[in-house]
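Let's walk through this one together, one question at a time. Have a look at the chain first.

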Amino acid sequence: MVLDAVAVDGTRVYVRYENELKTGERPRNVEVTTVRDGRFAETQVSFGGRFPQG
C-alpha cells in the first residue's frame with residue numbers, strides 16, 4: 001500500500017509504501033525514482049524495518 005508519493009522536482013519522485021508479509025508483519029520501504037526523457041532512469045530502494053501499528 002502506498003503511504004506517500006511526493007514529486008521533489010521535475011526528475012525525482014519519492015514513494016513510501018508498506019508491504020504485508022504472510023507472517024502479518026508490515027515493513028515499510030522508500031523508493032526514489034529518477035525520470036529522464038520520459039523514461040525511468042534509476043530507482044533507489046531503502047528497505048525499512050518494523051513499525052508500530054496504529
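Q: Keep in mind that this is a predicted model. Where is D37 found?
A: D37 isn't in a strand pairing we need to trace here; look at the stretch linking two strands instead. That puts D37 in the loop between β3 and β4.

Q: Is D37 buried or exposed?
A: The relative accessible area of D37 is 82%. Exposed means over 50%. So D37 counts as exposed.

Q: What is phi of D37 near?
A: D37 is a residue other than glycine, yet its phi has a positive value. The angle is near 55°.

Q: Which residue is the bridge partner of V35 in β4?
A: Strand β3 covers residues 28-36 and runs antiparallel to β4, with 8 bridges joining the two. For V35, the partner in β4 is F40.

Q: What is the order of the strands in the open sheet?
A: The sheet has 4 strands, and their pairing is antiparallel. Its edge strands are β1 and β4, each pairing on one side only. Neighbouring strands are turned by 15° against each other on average, ignoring direction. The order reads β1-β2-β3-β4.

Q: How many residues does the hairpin between β1 and β2 go through?
A: β1 and β2 run antiparallel, joined by 5 bridges. In one of these pairings, D4 has R16 as its bridge partner in β2. The hairpin joins the two strands through 4 residues.

Q: How many residues of β1 are buried?
A: Strand β1 spans residues 2-7, and this strand is hardly covered. Among its 6 residues, the count of buried ones is 0.

Methods: Residues are numbered from 1 along each chain as its sequence is written. This is a predicted model: local features need pLDDT of at least 70, side-chain atom pairs count only at pLDDT 80 or more; totals for chains, interfaces and linings use all residues. Side-chain values use heavy atoms; hydrogens and water are left out. Buried means under 20% relative accessible area, exposed over 50%, partly exposed in between (1.4 Å probe, protein chains only). Two strands pair if DSSP finds at least two bridges between them. Axes are lines fitted to C-alpha atoms, for helices over the stretch in contact, and angles run from 0 to 180 degrees between N-to-C directions.
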